[in-house]
Amino acid sequence: QVQLVESGGGLVQPGGSLRLSCAASGSIFSIYAMGWYRQAPGKQRELVATITSGGSTNYADPVKGRFTISRDNAKNTVYLQMNSLKPEDTAVYYCNADKVLVVSGYTDDYWGQGTQVTVSS
(Lines give C-alpha, C1' and ligand atoms only; values in the text may rest on other atoms or scores of the structure.)
Protein backbone atom coordinates (compact mmCIF):
# COMPACT_ATOMS: atom_id res chain seq x y z
CA GLN A 1 0.00 0.00 0.00
CA VAL A 2 1.29 3.44 -0.94
CA GLN A 3 0.56 6.46 1.23
CA LEU A 4 1.15 10.14 0.62
CA VAL A 5 1.49 12.36 3.67
CA GLU A 6 1.39 16.13 3.26
CA SER A 7 2.59 18.77 5.69
CA GLY A 8 3.29 22.50 5.83
CA GLY A 9 -0.10 24.09 5.33
CA GLY A 10 -1.46 26.84 7.52
CA LEU A 11 -2.53 30.46 7.79
CA VAL A 12 -0.34 33.16 6.26
CA GLN A 13 -0.76 36.83 5.47
CA PRO A 14 -0.86 38.08 1.88
CA GLY A 15 2.66 38.38 0.54
CA GLY A 16 3.91 35.67 2.84
CA SER A 17 5.45 32.28 2.13
CA LEU A 18 4.76 28.65 2.93
CA ARG A 19 6.50 25.40 2.04
CA LEU A 20 4.50 22.24 1.51
CA SER A 21 6.00 18.76 1.69
CA CYS A 22 4.63 15.42 0.58
CA ALA A 23 6.32 12.12 1.33
CA ALA A 24 5.31 8.89 -0.39
CA SER A 25 5.82 5.66 1.52
CA GLY A 26 5.31 1.98 0.80
CA SER A 27 6.95 -0.65 -1.37
CA ILE A 28 7.77 1.87 -4.09
CA PHE A 29 10.12 1.08 -6.94
CA SER A 30 9.68 4.32 -8.88
CA ILE A 31 7.37 7.29 -9.33
CA TYR A 32 7.05 8.93 -12.75
CA ALA A 33 5.71 12.31 -11.67
CA MET A 34 4.69 14.04 -8.47
CA GLY A 35 2.68 17.17 -8.18
CA TRP A 36 0.36 19.49 -6.35
CA TYR A 37 -3.26 20.30 -7.07
CA ARG A 38 -5.63 22.56 -5.18
CA GLN A 39 -9.33 22.92 -4.62
CA ALA A 40 -10.97 26.09 -3.38
CA PRO A 41 -14.50 26.08 -1.93
CA GLY A 42 -17.08 25.73 -4.69
CA LYS A 43 -14.46 25.14 -7.37
CA GLN A 44 -13.03 22.12 -9.15
CA ARG A 45 -9.64 20.70 -8.29
CA GLU A 46 -6.97 22.31 -10.45
CA LEU A 47 -3.34 21.73 -11.29
CA VAL A 48 -0.76 23.78 -9.45
CA ALA A 49 2.55 22.21 -10.49
CA THR A 50 4.10 18.89 -11.43
CA ILE A 51 7.62 17.51 -11.66
CA THR A 52 8.84 14.33 -13.33
CA SER A 53 11.53 12.01 -12.03
CA GLY A 54 13.86 13.63 -14.55
CA GLY A 55 13.18 17.10 -13.19
CA SER A 56 10.87 18.50 -15.86
CA THR A 57 8.39 20.92 -14.34
CA ASN A 58 5.01 22.30 -15.31
CA TYR A 59 3.20 25.19 -13.60
CA ALA A 60 -0.27 26.61 -13.81
CA ASP A 61 -0.26 30.18 -15.10
CA PRO A 62 -1.58 31.76 -11.86
CA VAL A 63 1.42 30.49 -9.86
CA LYS A 64 4.25 30.94 -12.36
CA GLY A 65 7.03 33.04 -10.92
CA ARG A 66 5.72 32.67 -7.36
CA PHE A 67 5.72 28.91 -6.68
CA THR A 68 8.59 26.47 -7.09
CA ILE A 69 8.21 22.70 -7.14
CA SER A 70 11.13 20.42 -6.31
CA ARG A 71 11.63 16.77 -5.63
CA ASP A 72 13.95 14.39 -3.79
CA ASN A 73 13.75 11.11 -5.69
CA ALA A 74 15.73 9.21 -3.07
CA LYS A 75 13.15 10.16 -0.43
CA ASN A 76 10.10 9.99 -2.73
CA THR A 77 9.28 13.47 -1.52
CA VAL A 78 7.99 16.52 -3.36
CA TYR A 79 8.03 20.10 -2.14
CA LEU A 80 6.16 23.24 -3.07
CA GLN A 81 7.70 26.57 -2.11
CA MET A 82 4.99 29.21 -2.26
CA ASN A 83 6.03 32.86 -2.20
CA SER A 84 4.10 36.10 -2.62
CA LEU A 85 0.92 34.35 -1.57
CA LYS A 86 -2.41 35.90 -2.47
CA PRO A 87 -5.88 35.42 -0.96
CA GLU A 88 -6.89 33.61 -4.17
CA ASP A 89 -4.30 30.93 -3.36
CA THR A 90 -6.50 29.85 -0.45
CA ALA A 91 -7.46 26.22 -0.99
CA VAL A 92 -6.89 22.66 0.10
CA TYR A 93 -3.67 21.51 -1.53
CA TYR A 94 -3.43 17.87 -2.57
CA CYS A 95 -0.31 15.90 -3.37
CA ASN A 96 -0.40 13.49 -6.31
CA ALA A 97 1.95 10.68 -7.32
CA ASP A 98 1.52 9.58 -10.93
CA LYS A 99 2.42 6.13 -12.28
CA VAL A 100 3.77 4.73 -9.04
CA LEU A 101 5.46 1.40 -9.68
CA VAL A 102 5.58 -0.82 -6.62
CA VAL A 103 7.92 -3.76 -6.19
CA SER A 104 5.14 -6.24 -7.01
CA GLY A 105 4.95 -4.75 -10.50
CA TYR A 106 1.64 -2.95 -10.01
CA THR A 107 1.28 0.64 -11.22
CA ASP A 108 -1.28 3.17 -10.03
CA ASP A 109 -1.84 6.83 -9.14
CA TYR A 110 -2.22 8.07 -5.57
CA TRP A 111 -3.48 11.15 -3.75
CA GLY A 112 -2.78 12.61 -0.35
CA GLN A 113 -5.52 13.69 2.02
CA GLY A 114 -4.88 17.39 1.52
CA THR A 115 -3.54 20.27 3.57
CA GLN A 116 -5.30 23.59 4.06
CA VAL A 117 -3.61 26.79 2.96
CA THR A 118 -5.32 30.02 3.98
CA VAL A 119 -4.03 33.41 2.87
CA SER A 120 -5.70 36.16 4.85
CA SER A 121 -4.90 39.28 6.81
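How many aromatic pairs does the structure hold? The structure holds 1 aromatic pair. Rings of Phe, Tyr and Trp (its six-membered ring) pair if their centres lie within 6.5 Å; planes under 30 degrees apart count as stacked, over 60 as edge-to-face and the rest as tilted. The partners are Y37 and W111, in an edge-to-face arrangement, with 5.1 Å centre to centre and 65° between the planes. The model is a predicted one, in which local features need pLDDT of at least 70, side-chain atom pairs count only at pLDDT 80 or more, and totals for chains, interfaces and linings use all residues. Residues are numbered from 1 along each chain as its sequence is written, and side-chain values use heavy atoms, with hydrogens and water left out.

The aromatic pair links distant parts of the chain. Y37 lies in strand β4 (residues 28-39) and W111 in strand β10 (residues 107-111), 74 residues apart. Strands (E, at least two residues) and helices (H or I, at least four) are DSSP runs, numbered from the N terminus. Y37 is partly exposed because its relative accessibility is 21%. W111 is also partly exposed, at 40%. Here buried means under 20% relative accessible area, exposed over 50%, and partly exposed in between (1.4 Å probe, protein chains only).

Charged groups also meet rings. The charged end of R45 sits over the ring of W111, 4.7 Å from its centre. The charged end of R19 sits over the ring of Y79, at 4.2 Å from the ring centre. The criterion is NZ of Lys or CZ of Arg within 6 Å of the ring centre and within 35 degrees of the ring normal.

The largest nonpolar core has 33 residues. Such a core is a set of buried Ala, Val, Leu, Ile, Met, Phe, Trp, Tyr and Cys residues joined through side-chain atoms within 4.5 Å. W36, L80, M82 and Y93 have the most contacts inside this core. Two or more residues come from each of β3 (18-25), β4, β5 (46-52), β7 (67-72), β8, β9 and β11 (115-119). The largest share, 6 residues, comes from β9. In soluble globular proteins, nonpolar side chains tend to be buried together. Beyond its neighbours within four places in sequence, Y93 is in contact (heavy atoms within 4.5 Å) with residues including W36, Y37, L80 and M82.

Four strands form an open sheet in the order β1-β3-β8-β7, with antiparallel pairing. Two strands pair if DSSP finds at least two bridges between them. Strands of a sheet pair through backbone hydrogen bonds, either parallel or antiparallel. The edge strands are β1 (3-7) and β7, each pairing on one side only. Neighbouring strands of this sheet are turned by 15° against each other on average, direction ignored. Axes are lines fitted to C-alpha atoms, for helices over the stretch in contact, and angles run from 0 to 180 degrees between N-to-C directions.

At one edge, β1 and β3 pair in the antiparallel sense over 5 bridges. E6 stands opposite C22 in β3. Side chains alternate along β1. L4 and E6 point to one face and are buried, while Q3, V5 and S7 point to the other and are not. At the other edge, 6 bridges join β7 and β8, again antiparallel. T68 stands opposite Q81 in β8.

The loop between β7 and β8 contains N76. Phi of N76 is near 50°, a positive value in a residue other than glycine. N76 counts as buried because its relative accessibility is 17%. Residues up to four places away aside, N76 touches C22, A23, A24, I28, I31 and M34. K99, in strand β9, has a positive phi of about 55° although it is not a glycine. K99 is partly exposed, with a relative accessible area of 46%.

P87 is found in the loop between β8 (77-82) and β9 (91-102). P87 is partly exposed, at a relative accessible area of 45%. P87 and V119 are 32 residues apart in sequence, yet 4.7 Å apart in space, C-alpha to C-alpha. Neighbours within four places in sequence aside, P87 is in contact with P14 and V119.
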